[in-house]
Amino acid sequence: MSEKSTSSIYEILDDRFLIPANGDKRLELLYDGARWVEGPVYLPAWRQVIFSDIPNDRMMRWDETTGTVGVFRAPAGYTNANTLDREGRLITCEQGRRRVTRTEHDGSVTVLADRFRGKRFNGPNDAVVRSDGSVWFTDPIFGIISDYEGERGESEIGASNVYRLDPVTGDVRIVAEGFGTPNGLSFTPDERRLFVSDTLAGEVRSYEARGDRKLGDGTVFTQSSLDEAQFDGVKFDDEGRLWVASGRSGLHCYDPDGTLIGRILFPTPVSNFTFGGARRNRMFISSASSLYSLMVAVTGAPRIGRPDFVARERVTREGERSVAAIRLRMHSGLPEPQFTA
């Protein structure tokens with residue numbers, strides 16, 4: 001496709017986005033009663049999505065079987081991102097209490113980390129669990145700059161870093177530094193690289209994940225002005241594409257070679273997202289005060305990667321791309337479809 005085109009909610013910048021753009025043709029609004037939504041995570045065993053309403057200091061729960069939304073926990077420590085560990089337990093970044101916690105199967109909460117060398121974190125923002133059980137998390141200053149998304153305070157560490165929490169010893173070490181505001185992070189499905197967004201720097205960086213539990217030097221995977229995009233949550237699909245929540249610019253999709261191939265457009269700024277549903281082909285997206293759903297034509301990478309992971313072969317045949325383009329044109333200009341329970 002030689003020119004940029006927009007069909008329904010999909011902005012196609014490269015014909016490699018034709019296949020991913022063949023999912024739902026409109027956003028499904030699941031909830032619109034928050035102040036600022038963040039950190040959705042899909043819990044397969046519960047068939048629920050847990051997400052954070054940060055300024056209201058509560059965690060919410062959307063039920064897939066009934067479509068109902070209720071409070072999961074309040075007060076919640078001004079939680080931001082949530083993820084799951086290898087045992088399906090909820091890992092949560094609490095900006096207000098400046099710590100990373102785990103919700104046990106019986107509902108009790110265990111503090112995994114709240115200090116580095118005796119100094120309190122700024123406010124953990126996003127976390128990912130590696131196949132060895134280690135928890136990696138970012139620690140920007142968003143939770144301490146005001147009382148809106150946390151508790152106003154000073155940075156005791158004096159920097160915003162990425163940390164690794166050892167699952168056996170509980171030891172916390174810095175694995176990457178030199179950020180302005182490290183935000184979303186995600187391992188590649190084979191766990192060979194770690195991608196980290198730096199919101200105010202307008203960058204997504206890529207780091208080699210070495211076997212000695214350290215990261216190599218970072219390189220810039222993609223860069224943008226803040227007027228164009230505000231990078232936040234990042235995740236991979238199982239064909240190696242990187243998806244990035246990009247604020248007012250929607251949800252970006254990048255080819256593994258770094259090319260921005262398309263966007264999913266939203267009416268309000270996008271902060272984060274997760275893949276879920278029975279086949280991991282349903283996106284749950286946090287956007288300003290709302291939680292949206294979108295059944296997509298891609299499948300999310302496994303929740304926790306593995307070193308022997310091999311990405312699925314991407315559809316590249318011209319005939320299938322042509323069919324995808326025809327389907328997009330068929331839907332262009334038609335009334336928006338209505339979803340039923």
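**Strands, turns and cores: a walk through the model**

Let me begin with strand E27, residues 282-287, which pairs with strand E28 in the antiparallel sense over 6 bridges. I should say at once that this is a predicted model, and everything I describe this morning should be heard with that in mind. Within the pairing, Arg282 has Met295 in E28 as its bridge partner. The two strands form a hairpin with 2 residues between them, and in that turn Ala288 has a positive phi of about 55 degrees. That is a positive value in a residue other than glycine, and I mention it for those of you who look at backbone torsions. As for its surroundings, Ala288 has a relative accessibility of 12%, and because buried means under 20%, Ala288 counts as buried.

Staying with E28, which spans residues 290-295, we find a strand that is mostly covered, with 5 of its 6 residues buried. Besides its pairing with E27, E28 is joined by 3 bridges to strand E3, residues 28-31, and these two run antiparallel. In that second pairing, Leu29 stands opposite Tyr292 of E28.

Just ahead of the hairpin there is another backbone feature, at Arg280, which is not a glycine and yet has a positive phi of about 55 degrees. Arg280 is found in the loop between strand E26, residues 270-276, and E27. Is Arg280 buried, partly exposed or exposed? Its relative accessibility is 25%, so Arg280 counts as partly exposed. One further backbone detail is the cis peptide bond joining Ala74 and Pro75, with omega at about -10 degrees; Pro75 has its place in the loop between strand E7, 69-73, and strand E8, 79-84.

I turn now to a sheet elsewhere in the chain. Here 4 strands form an open sheet, in the order E14-E15-E16-E17, with antiparallel pairing. The edges are taken by strand E14, 127-129, and strand E17, 172-176, and since each has a single partner strand, one side of each is left without a neighbour in the sheet. Ignoring direction, neighbouring strands of this sheet are turned by 25 degrees against each other on average. At the E14 edge, the antiparallel pairing with strand E15, residues 135-138, runs over 3 bridges, and there Val128 has Trp136 in E15 as its bridge partner.

Next, the aromatic rings, where a search of the whole structure finds 17 pairs. One of them is formed by Phe121 and Phe137, an edge-to-face arrangement at 5.2 Å centre to centre and with 85 degrees between the planes. This pair links distant parts of the chain, 16 residues apart, with Phe121 in the loop between strand E13, 119-120, and E14, and with Phe137 in strand E15. Both of these phenylalanines are buried. Another edge-to-face pair is formed by Phe221 and Tyr254, at 5.8 Å centre to centre and with 70 degrees between the planes. Phe221 lies in strand E21, residues 215-223, and Tyr254 in strand E24, residues 251-254, so this pair ties together parts that are 33 residues apart in sequence. Both Phe221 and Tyr254 are buried. Returning to the first pair, Phe121 and Phe137 belong to a cluster, linked by ring pairs, that also holds Phe116 and Tyr163. There is also a charged residue placed against a ring, namely Lys235, which lies over the face of Phe273 at 5.1 Å from the ring centre.

Finally, the nonpolar cores. Which residues have the most contacts inside the largest of them? That core has 23 residues, and the ones in question are Phe17, Trp243, Leu251, Ile264, Phe266 and Leu294. The elements that give two or more residues to it include strand E2, 10-12, strand E23, 242-245, and strand E25, 260-264, as well as E27 and E28, the strands with which I began. The largest share, 3 residues, comes from E26. If we leave aside residues up to four places away in sequence, Phe17 touches a set of residues that includes Tyr10, Ile12, Trp243, Cys253, Ile261 and Ile264. Separate from this, a second core of 16 residues includes Ile91, Ala113, Ile157 and Val172. As general background, nonpolar side chains in soluble globular proteins tend to be buried together.

Methods:
Residues are numbered from 1 along each chain as its sequence is written. This is a predicted model: local features need pLDDT of at least 70, side-chain atom pairs count only at pLDDT 80 or more; totals for chains, interfaces and linings use all residues. Side-chain values use heavy atoms; hydrogens and water are left out. Two strands pair if DSSP finds at least two bridges between them. Axes are lines fitted to C-alpha atoms, for helices over the stretch in contact, and angles run from 0 to 180 degrees between N-to-C directions. Buried means under 20% relative accessible area, exposed over 50%, partly exposed in between (1.4 Å probe, protein chains only). Rings of Phe, Tyr and Trp (its six-membered ring) pair if their centres lie within 6.5 Å; planes under 30 degrees apart count as stacked, over 60 as edge-to-face and the rest as tilted. A charge sits over a ring if NZ of Lys or CZ of Arg is within 6 Å of the ring centre and within 35 degrees of the ring normal. A nonpolar core is a set of buried Ala, Val, Leu, Ile, Met, Phe, Trp, Tyr and Cys residues joined through side-chain atoms within 4.5 Å. Contact means heavy atoms within 4.5 Å.
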